[in-house]
Amino acid sequence: MTNSVSQKVVVITGAGKGIGKATAKYFWERGFRVFDLGRSGESTEFCEHVYCDVAIPETIDSARDEVFKRCGKVDVLVCNAGFGVSGSVEFTELEDAKRQFDVNFFGGFSTAKAFLPIMRRQKSGNIIFISSVAAEFPIPFQAFYSASKAAINALVYALRQEVKGFGIKVSAVMPGDTRTSFTDNRKKSGEGKDVYRAQGESIKKMEKDERKGMSPDAVAKVVYKQAVKKRPKVLVTVGGSYKFFVFLKRILPNTMANDIVGEMYCKK
């Protein structure tokens, strides 16, 4: 594909697999120049790999500088990198909970922070965070993953208002269960299963739902739509049934909605 000044540039963290990879390919097929910022991976036909660990801000700055050196601009930033931790709150190690936030929340925050000066100077840009339906429905035995995604949504609401005067758009895409290697890469703690007897079955159900979930291509399409919309929604849910659940959550009393999730994931 021929590069030109007019060609739009998208930067995606964690584009080596899963939702990130599907998104990278989807943008490339529509004429974007695509950069993958990640700890592992390699350049492919559809994206250029630049080393970056989102939990280490210095590597984000270095990757940003490399992208800017090659292109001189960034039109879209997709903060996608993340992982999951599961287990009961009581038996989760503080180090694991902090790591969950270091990658999922602070990693996204640090990446947006690094690229914002470029977008401010351009007076344009679009930042899209990959959140989760779990931000709206915190899942038992996946509390810290859910909390990290809820924190992303709060960040999006605030940041969107802060930067709109610079012509920068900010939003979050909330996928439901999606078939990716994320499921197998989740860090699981089995400690406390003898105390919390629902834990094992709850995590099995969650992982079964993920393996039967939507294709990452479905998420990629929504991310792209957010990127090209003149006024993207602040939060957008991916998947028809998940949209319905999010709608229900907003009209039901919080306690009732929480109890419904408990019935789904905490049956012994």
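Which side chain meets that of Arg-70 in a salt bridge? I looked this up in the model, which is a predicted one, and found that the partner is Glu-48, with N and O 2.9 Å apart. The pair links distant parts of the chain, since Arg-70 sits in helix 2 (residues 57-71) and Glu-48 in strand 3 (residues 48-51), 22 residues apart. I noted Arg-70 as partly exposed, because its relative accessible area is 34%. I then followed the contacts outward and found Arg-33, Glu-48, Glu-66, Lys-69 and Arg-70 linked in a network of salt bridges. The count of salt bridges comes to 12.

I next turned to Glu-136, which forms a salt bridge with Arg-250, the closest N and O atoms being 2.8 Å apart. This pair also links distant parts of the chain: Glu-136 lies in the loop between strand 6 (125-130) and helix 5, while Arg-250 lies in helix 9, 114 residues away. Glu-136 has a relative accessible area of 11%, under the 20% limit, and is therefore buried.

For a pair within one helix, I looked at Glu-201 and Lys-204, whose side chains meet in a salt bridge at 3.7 Å, N to O. Both residues lie in helix 7, three residues apart, or about one turn of the helix. I recorded Glu-201 as partly exposed, at 46% relative accessible area, and Lys-204 as exposed, at 55%.

On the surface, I looked for patches of charge and of nonpolar side chains. Lys-221, Lys-225, Lys-229, Lys-233 and Lys-243 gather in a patch of positive charge, and I placed Lys-233 in the loop between helix 8 (216-228) and strand 9 (235-238). A patch of negative charge is made by Glu-93, Glu-95, Glu-191 and Asp-194; Glu-191 belongs to the loop between strand 8 (187-188) and helix 7 (199-211) and is partly exposed, with a relative accessible area of 45%. Phe-244, Phe-245, Phe-247 and Ile-251 make a nonpolar surface patch of about 430 Å², in which Ile-251, a residue of helix 9 (residues 240-251), is exposed at 53% relative accessible area.

My last entry concerns strand 1 (residues 9-13), where five of the five residues are buried, so the strand is largely enclosed by the rest of the structure. I checked both faces and found them covered, with Val-9, Val-11 and Thr-13 buried on one side and Val-10 and Ile-12 buried on the other. Strand 1 runs parallel to strand 2 (residues 33-38), and five bridges join them; the bridge partner of Ile-12 in strand 2 is Asp-36.

Methods
Residues are numbered from 1 along each chain as its sequence is written. This is a predicted model: local features need pLDDT of at least 70, side-chain atom pairs count only at pLDDT 80 or more; totals for chains, interfaces and linings use all residues. Side-chain values use heavy atoms; hydrogens and water are left out. Patches are made of residues with over 30% relative accessible area and no salt bridge: like charges are joined within 9 Å, nonpolar side chains (Val, Leu, Ile, Met, Phe, Trp, Tyr) within 5 Å. Accessible areas come from the Shrake-Rupley method with a 1.4 Å probe; for residues, only the protein chains shown count as cover. A salt bridge is a side-chain nitrogen of Lys or Arg within 4 Å of a carboxyl oxygen of Asp or Glu. Lys and Arg count as positive and Asp and Glu as negative; His and the chain ends are not counted. The place of a charge is taken as NZ of Lys, CZ of Arg, CG of Asp or CD of Glu. Helices (H or I, at least four residues) and strands (E, at least two) are DSSP runs, numbered from the N terminus. Buried means under 20% relative accessible area, exposed over 50%, partly exposed in between (1.4 Å probe, protein chains only). Two strands pair if DSSP finds at least two bridges between them.
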